[in-house]
Amino acid sequence: MKKEVKDTIIVELGQKLKEYPHFYLVNLEGLNAEKTSDLRRKCFKNEIKMIVVKNTLLHKAFEASDIDYAPLYDSLKGSTAVMFTNTANLPAKLLKEYTKEGVPSLKAAYAEESFFVGADRLEELASLKSKNELIADVIALLQSPAKNVVSALQSGANTIHGVLKTLGERPE
């Protein structure tokens, strides 16, 4: 491969690292063409960009980045595919479907500004909540007290006596 082509690939990988906040390094060794195609289709449906890369080129893209990806350097061995995503837990959930077969397997991941190295971290990654899920949880927690007051007002026929009675009867 010519140096110009390598430089172009490194620049493109650098752009992907900036564009996507989360990525997974995955081992695809032992996956036949049919299963690889199936994995690519599933990635496309889940808005995951999967690219098979040369480890040395990815290493150089890591070095050129503003973020220190040093914890991931040891994972750059063998066949490596990078799964770029905007939602941190989607690739982990997708990879969990393949855990019985053992391929593809997780090498490492960069999600929620943290490093996860090793296949044993897959369960932890799958349980991460996305930004939208966290926002929904916070909103539900904030709405809960307001809903209690509104329901108390409605059940007491809008009287102070009814509100006090309803609140007094309600278990803590």
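Which residues does Val26 touch, not counting residues up to four places away in sequence? In this predicted model, the list of partners is Ser79, Thr80, Ala81, Met83, Leu95, Pro104, Ser105 and Lys107. Val26 itself belongs to strand β1, which covers residues 22–27. One of the partners, Ser105, shows nicely how a folded chain brings together residues that are separated in sequence: Val26 and Ser105 are 79 residues apart along the chain, yet their C-alpha atoms are 5.7 Å apart in space. Is Val26 buried or exposed? Its relative accessibility is 1%, and because buried means under 20% relative accessible area, Val26 counts as buried.

A second residue can be described in the same way. Ser75 is found in a loop, the one between α3 (55–64) and β3 (80–85). Although it sits in a loop, Ser75 is buried, with a relative accessible area of 10%. That value falls in the buried class because the cut-off is under 20%. Leaving aside residues up to four places away in sequence, Ser75 touches Leu25, Lys107, Ala108 and Val117. Lys107 is a name to look out for here, as it appears among the contacts of Ser75 and also among those of Val26.

Attention now turns to the empty spaces of the model. Rolling a probe the size of a water molecule over the atoms shows where such space is left. The largest pocket has a volume of about 260 Å³. It is lined by 18 residues, and those closest to its centre are Gly14, Leu17, Lys18, Ser65 and Tyr69. Which element gives the most to this lining? Helix α1 does, with 6 residues. Both α1 (3–19) and α3 supply at least two residues each to the lining of the largest pocket. By chemical character, the lining of the largest pocket divides into 10 nonpolar, 4 polar and 4 charged residues.

The second largest pocket holds about 170 Å³ of space. Its lining is made up of Pro21, His22, Asn86, Thr87, Ala88, Glu112, Lys129, Ser130, Lys131, Asn132 and Leu134. Here the element that gives the most is helix α6 (residues 131–155), with 3 residues. How do the residues of this lining divide by character? There are 3 nonpolar, 5 polar and 3 charged residues in the lining of the second largest pocket. A reader can follow both pockets in the structure by starting from Gly14 and Leu17 for the largest pocket, and from Pro21 and His22 for the second largest.

Terms used
Residues numbered from 1 in each chain as written. Predicted model: local features only at pLDDT ≥ 70, side-chain atom pairs only at ≥ 80, totals over all residues. Heavy atoms only, no water. Helix = DSSP H or I, 4+ residues; strand = E, 2+ residues; numbered from the N terminus. Buried < 20%, exposed > 50% of the residue type's maximum accessible area, 1.4 Å probe, protein only. Contact = heavy atoms within 4.5 Å. 1 Å grid on protein atoms, 1.4 Å probe; cavity = no way out; pocket = protein on both sides within 12 Å on 5 of 7 lines; lining within 4 Å. Points joined across faces, edges and corners; volume = space filled by probe spheres on them. Nonpolar A, V, L, I, M, F, W, Y, C, P; charged D, E, K, R; others polar.
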